[in-house]
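Trainee: Please give me a close look at one buried side chain in this model, and then carry on from there to the other spots you would point out. I have the sequence and the fold open and would like to follow along.

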Amino acid sequence: MITSIIESIHEVPAAEWEHLARPAGLYLSHRWLAGEEEDPTATCAYALVRDLDGTLLAAAPLYLVREEPNDSYRPETVLPPHLRPRVIAGARRGYHNTPLTAPGLGRRDACLTLLRDAVRGFADHHGTTHWWPYLTTPAASRLDPLYPDPVHHLEDDALIPLPGAGIDDYIASLPSQRRVGIRRERREFAATVLDVRRQALADCSEAAALLLAGHQQEHGHDRDGVDAMTGLLKRQAITMGDEARVVAAYDEDRMIGFCLFYHYGTTTWIRAVAHDRRHPAPHLYFNLMYYLPIEDAYAHGTTALHAGMTTVEAKRRRGAEISGLFALIDRQPS
């Protein structure tokens, strides 16, 4: 097998990359990674493992981080004090990470070892070490034997299964008390005079950015102001095109809440949710975060909703399966 480091995702045909990425998730998709190359806070590269015929067997994006605006990806925030890697292996955004390997790969352990060595060499070339943040439980289990220190638990992740053919089947799969509560939350929200619109992110990015900036600052992220969030959502709209879908609630012509999500593979991925907390609409957040995207997920044919981290118990009450997210960190060479 042959390893290499390339500088752009565009050096790999999209179909070839997607063969590995589609089972892994949105944040390792070809199109998403192309957008991440526009982020000026890190230098991108990609570690590849191919067989002698040139077939892509394993891969990982790499990021030499110069400035990390997201506290949840800053080593000094989430890792033990003595660990300060500057290279991220795998996805840098989305809190969902795994090394990419070809489906049905028979030499997975050997490929992962070569992939680790390539990532380690890239980091060493830049005078630092690497880490894999927010690894899924299966990914952490596969990579753990290749690193000197055990996995480090970061967060928990929520995935809501969507059985059957529509939202009524999802509701029917829940315990009776939850079914009553969800039907009430949907009914009382539907009784409002709000206008629910489904649209492309490009058509509403400025209004969404205003709400998202307020949401971020309420949660202590002072750097995520309106200009920063507008730039972020506009870049995402350009990169992802019509795949960046929004369901939003309007009071006349004013957006009072939105959810940005993506249908990718068999999963609908929630990317961002924000709403005007001063607006009296009942159960606005729950409808934006869960029930309206679930309706879209069924219409699109996906079978799960990735609800992500935080407020895990609220997600569990809505049928989420909870699993751990972990970090693996390479030691500084002695």
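**A histidine and its surroundings**

Mentor: Happy to! The side chains of histidine 130 and tyrosine 147 are joined by a polar contact of 2.7 Å. Please keep in mind that this is a predicted model. Histidine 130 belongs to strand β6, which covers residues 130-136. Its relative accessible area is 0%, so histidine 130 is buried. Setting aside residues up to four places away in sequence, histidine 130 touches Pro85, Val87 and Ala89, and also Arg116, Val119, Arg120 and Ala123. Tyr147 is in the same list of contacts, as are Leu328, Ile329 and Asp330.

From here, let us turn to another buried residue with a side-chain polar contact. Glutamate 68 sits in the loop that runs between β3 (56-65) and α3 (75-78). Although it is a loop residue, glutamate 68 counts as buried because its relative accessibility is 6%, and the cut-off for buried is under 20%. Its side chain reaches the side chain of arginine 93 in a polar contact of 2.8 Å. Beyond its neighbours within four places in sequence, glutamate 68 is in contact with Arg74, Arg92, Arg93 and Arg223, along with Tyr73 and Ile88.

Arginine 186 gives you a further polar contact to look at. You will find arginine 186 in helix α7, residues 176-190. With a relative accessible area of 22%, arginine 186 is partly exposed. The side chain of arginine 186 makes a polar contact of 2.5 Å with the side chain of glutamate 295. Glu295 is also among the residues that arginine 186 touches when those up to four places away in sequence are not counted; the others are Ile167, Ile171, Asn287 and Tyr291. Cysteine 204 is 18 residues from arginine 186 in sequence, and their C-alpha atoms are 24 Å apart in space.

Now swing round to helix α1, residues 14-21, where Trp17, Glu18, Leu20 and Ala21 are buried. These residues lie on the same side of α1, because they cover an arc of only 160° around the axis. What covers them includes α2 (30-36), β2 (42-50), β3, β5 and β10 (254-264).

Strand β2, one of those covering elements, also holds cysteine 44. Cysteine 44 counts as buried because its relative accessibility is 11%. Not counting residues up to four places away in sequence, cysteine 44 touches Glu7, Glu36 and Glu37, and also Leu62 and Tyr63. Serine 8 is 36 residues away from cysteine 44 along the chain, while their C-alpha atoms are separated by 7.1 Å.

Helix α8, residues 205-218, is the place of alanine 209. At 0% relative accessibility, alanine 209 counts as buried. Leaving aside neighbours within four places in sequence, alanine 209 is in contact with Val226, Met229, Thr230 and Leu233. From alanine 209 to glycine 257 is 48 residues in sequence and 11 Å in space, C-alpha to C-alpha.

Two backbone details are worth a stop. Glutamate 252 has a positive phi of about 60° although it is not a glycine, and it lies in the loop between β9 (245-251) and β10. Its relative accessibility is 69%, so glutamate 252 counts as exposed. Threonine 311, which is not a glycine either, has a positive phi of about 40°. Threonine 311 lies in the loop between β12 (304-308) and α11 (312-316), and its relative accessible area of 47% makes it partly exposed.

Let us finish with open space. The second largest pocket has a volume of about 570 Å³. Its lining is formed by 30 residues, and Pro23, Ala24, Gly25, His96 and Thr136 are the closest to its centre. At least two lining residues come from each of β5 (100-101), α5 (137-143), β7 (152-161), β11 (267-275) and β13 (321-329). Strand β13 gives the most, with five residues. Sorted by class, the lining has 13 nonpolar, 12 polar and five charged residues. As you return to where we began, note that Leu328 and Ile329 appear among the contacts of histidine 130, and that β13 spans 321-329.

Key. Residues are numbered from 1 along each chain as its sequence is written. This is a predicted model: local features need pLDDT of at least 70, side-chain atom pairs count only at pLDDT 80 or more; totals for chains, interfaces and linings use all residues. Side-chain values use heavy atoms; hydrogens and water are left out. On a 1 Å grid over the protein atoms alone, a cavity is a set of points where a 1.4 Å probe fits but cannot get out, and a pocket is an open set with protein on both sides within 12 Å along at least five of seven lines; lining residues have an atom within 4 Å of a point. Grid points are joined across faces, edges and corners, and a volume is the space filled by probe spheres set on the points. Helices (H or I, at least four residues) and strands (E, at least two) are DSSP runs, numbered from the N terminus. Ala, Val, Leu, Ile, Met, Phe, Trp, Tyr, Cys and Pro count as nonpolar, Asp, Glu, Lys and Arg as charged, and the others, Gly among them, as polar. Buried means under 20% relative accessible area, exposed over 50%, partly exposed in between (1.4 Å probe, protein chains only). A polar contact is a pair of N or O atoms within 3.5 Å; within protein, one must be able to donate a hydrogen and the other to accept it, and residues adjacent in sequence count only if both atoms are side-chain atoms. Contact means heavy atoms within 4.5 Å. The arc is that of the directions from the helix axis to the C-beta atoms.
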